[in-house]
Amino acid sequence: MKGRTLPRGARCRRRVGPGRWRVRARLERFIEPAVLLVLRDSPGHGYELLEQLQTLMPSERIDMGNLYRILRSLEREGLVASTWHEDAPGPAKRIYVITQSGSRVLAQWVGAFKKTEHQIAVFTERYEKGRG
């Protein structure tokens, strides 16, 4: 890693002062399952999806360009599909929907989250027992 800098916020732990640390529990690539969940609830175009994602992930800053890159990637992989809608007022909008494959992957994400949630509960319980 010599000479390579990590993107801001990429580390889970960083020194903020002498003997002081900031720890951030991060869930890598959480935006992907979040996009799939939002689309499962309702198809939408980019700005609608961004709005919904911000309610689901209020502490995260979501970049519109990154959202479109993720949507294109998910579409290439067959997890979402899109169509152009020109009948609404204003410029045409690309509307995204989740596919059956996307729904299956979303279910797998939920299973992985439940496993992680259990691991965190075991960890937290052990920590709490050791405090007394």
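A polar contact is a pair of N or O atoms within 3.5 Å; within protein, one of the two must be able to donate a hydrogen and the other to accept it. In this predicted model, the side chains of Ser82 and Glu75 make such a contact at 2.7 Å. This report first describes the overall architecture and then returns to that pair.

## Overall architecture

The protein contains four helices and four strands. Read from the N terminus, these elements follow the order β-β-α-α-α-β-β-α. Of its 132 residues, 23% count as buried. The accessible surface amounts to about 10,200 Å², and carbon and sulfur atoms contribute 53% of that area. Among contacts in the protein with a separation of 6 or more, 40% are made by residues 24 or more positions apart.

## The hairpin of strands 1 and 2

Strand 1 covers residues 13-17 and strand 2 covers residues 20-23; the two pair in the antiparallel sense over four bridges. Gly17 stands opposite Arg20 of strand 2. Together, the two strands form a hairpin with two residues between them. Gly19, which lies in the turn, has a positive phi of about 70°.

## Salt bridges

The structure holds five salt bridges. Three of them are listed below, with the distance from N to O.

| Salt bridge | N to O distance |
|---|---|
| Arg29 and Glu32 | 2.5 Å |
| Arg40 and Asp41 | 2.6 Å |
| Arg94 and Glu75 | 3.9 Å |

The Arg94 and Glu75 pair links distant parts of the chain: Arg94 belongs to strand 4 (residues 93-98), Glu75 belongs to helix 3 (residues 64-76), and the two are 19 residues apart. A salt bridge requires a side-chain nitrogen of Lys or Arg within 4 Å of a carboxyl oxygen of Asp or Glu, so the Arg94 and Glu75 pair qualifies at 3.9 Å.

The residues in these pairs also have assigned accessibilities. Arg29 counts as exposed because its relative accessibility is 57%, whereas Glu32 counts as buried at 11%. Asp41, with a relative accessible area of 54%, is exposed. Arg94 is partly exposed, with a relative accessible area of 28%, and Glu75 is likewise partly exposed, at 26% relative accessibility.

## Ser82 and its contacts

Ser82 is located in strand 3 (residues 80-85). Is Ser82 buried or exposed? With a relative accessibility of 17%, Ser82 counts as buried, because buried means under 20% relative accessible area.

Which side chains make polar contacts with the side chain of Ser82? The side chain of Glu75 does so at 2.7 Å, and the side chain of Arg94 does so at 2.9 Å. The side chains of Glu75 and Arg94 also meet each other in a salt bridge. Leaving aside residues up to four places away in sequence, Ser82 touches Glu75, Arg94, Ile95 and Tyr96.

## His45 and strand 4

His45 is placed in the loop between helix 1 (31-41) and helix 2 (46-56). His45 is buried, because its relative accessible area is 14%. Which residues does His45 touch, not counting residues up to four places away in sequence? They are Lys93, Arg94 and Ile95. Arg94 therefore appears in several of the relations described here: Arg94 is touched by His45, makes a side-chain polar contact with Ser82, and forms a salt bridge with Glu75 by the 4 Å criterion.

Technical notes. Residues numbered from 1 in each chain as written. Predicted model: local features only at pLDDT ≥ 70, side-chain atom pairs only at ≥ 80, totals over all residues. Heavy atoms only, no water. Buried < 20%, exposed > 50% of the residue type's maximum accessible area, 1.4 Å probe, protein only. Contact = heavy atoms within 4.5 Å. Areas by Shrake-Rupley, 256 points an atom, 1.4 Å probe, with all protein chains shown as cover. Pairing = 2+ DSSP bridges.
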